[in-house]
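Here's a quick walk through one protein model, with a look at confidence, strand pairing and a loop residue. Have the viewer open as you read.

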Amino acid sequence: MTLKPTVVSPTSMKRLRPLKDRNQPVKMMVIDCKNETQWNAIHAPEINGVVQRRRPIRAIESFLDQMADEGFESEQFISAQSRLRSLLNKHLVLQNEEDDLRRKFLVNDIASWVRVLINQTRSRDFLVKINPDLPSEFQSDPAALKMLITYRGIDITFRQPKDKDERSFSNYGAALFRGQAYPTAVEWMATQTAEKPFCLSIEPSGRGMRRA
């Protein structure tokens, strides 16, 4: 599915109408992303989430094996795209200089997901949370759109509200979910599967927000 990107907001989504009988409710779904253009499907009225699953990346795995304990601590910051790499480097502390190249693999990978979010939100300022506290029970997120990126020790399970059909993704997965700003939010929860999990959540920052 390839759709032209548009600005997403609760107001713009309310203007969308189903293609079939308007008296019938639209059946919402989360789709699996098989190519980069399918992230645009988040704008379709019947799609409220996009998920991509990947295989582990050896260089990133090696870096996480050697990363200092500070890198597994929780932190959040607001950043423009231009400052993202420097702020990530500050948090992802090296044990030794030999790991610098491996850290670049991880930082570049995170930056590529931010570009996906830029394409879908038209925002260049983001609230980035590294190893945030994630819900252990199903709930939809307060953010309008939230991107979740898992690297180690976190499984994300998601569903349509109160639906019995539950699906999940684990390490090296990424998802873009609609939140509570829409009447069609995805419910999701996280399960920790390792002692030192590593994951991120990214969402557009509100107007006037500044880094502390």
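## Strand pairing around S10

Before we get to partners: two strands count as paired if DSSP finds at least two bridges between them. Keep in mind that this is a predicted model.

Which strands pair with S10? One is strand S4 (residues 125-130), which runs antiparallel to S10 and shares five bridges with it. Here, Phe126 has Pro204 in S10 as its bridge partner. Strand S5 (residues 145-152) also pairs with S10 in the antiparallel sense, again over five bridges. On that side, Thr150 is bridged to Cys199 of S10.

So is S10 buried or exposed? Strand S10 covers residues 198-204, and six of its seven residues are buried, so the rest of the structure largely encloses it.

## A loop lysine

Now over to Lys162, which sits in the loop linking strand S6 (154-159) to strand S7 (167-169). Exposed means over 50% relative accessible area. Lys162 comes in at 73% relative accessibility, so it counts as exposed.

What about Glu187? Lys162 and Glu187 are 25 residues apart along the chain, and their C-alpha atoms are separated by 8.1 Å.

## How confident is the model?

The protein chain has an average pLDDT of 87, with 85% of residues scoring at least 70.

Two stretches deserve a look here. Over residues 1-5 the pLDDT stays under 50, and the model gives them 14 contacts beyond four places in sequence. Residues 207-212 also have a pLDDT below 50, with eight contacts in the model beyond near neighbours in sequence.

Methods
Residues are numbered from 1 along each chain as its sequence is written. This is a predicted model: local features need pLDDT of at least 70, side-chain atom pairs count only at pLDDT 80 or more; totals for chains, interfaces and linings use all residues. Side-chain values use heavy atoms; hydrogens and water are left out. Helices (H or I, at least four residues) and strands (E, at least two) are DSSP runs, numbered from the N terminus. Buried means under 20% relative accessible area, exposed over 50%, partly exposed in between (1.4 Å probe, protein chains only). pLDDT is the predictor's confidence in each residue, from 0 to 100. Contact means heavy atoms within 4.5 Å.
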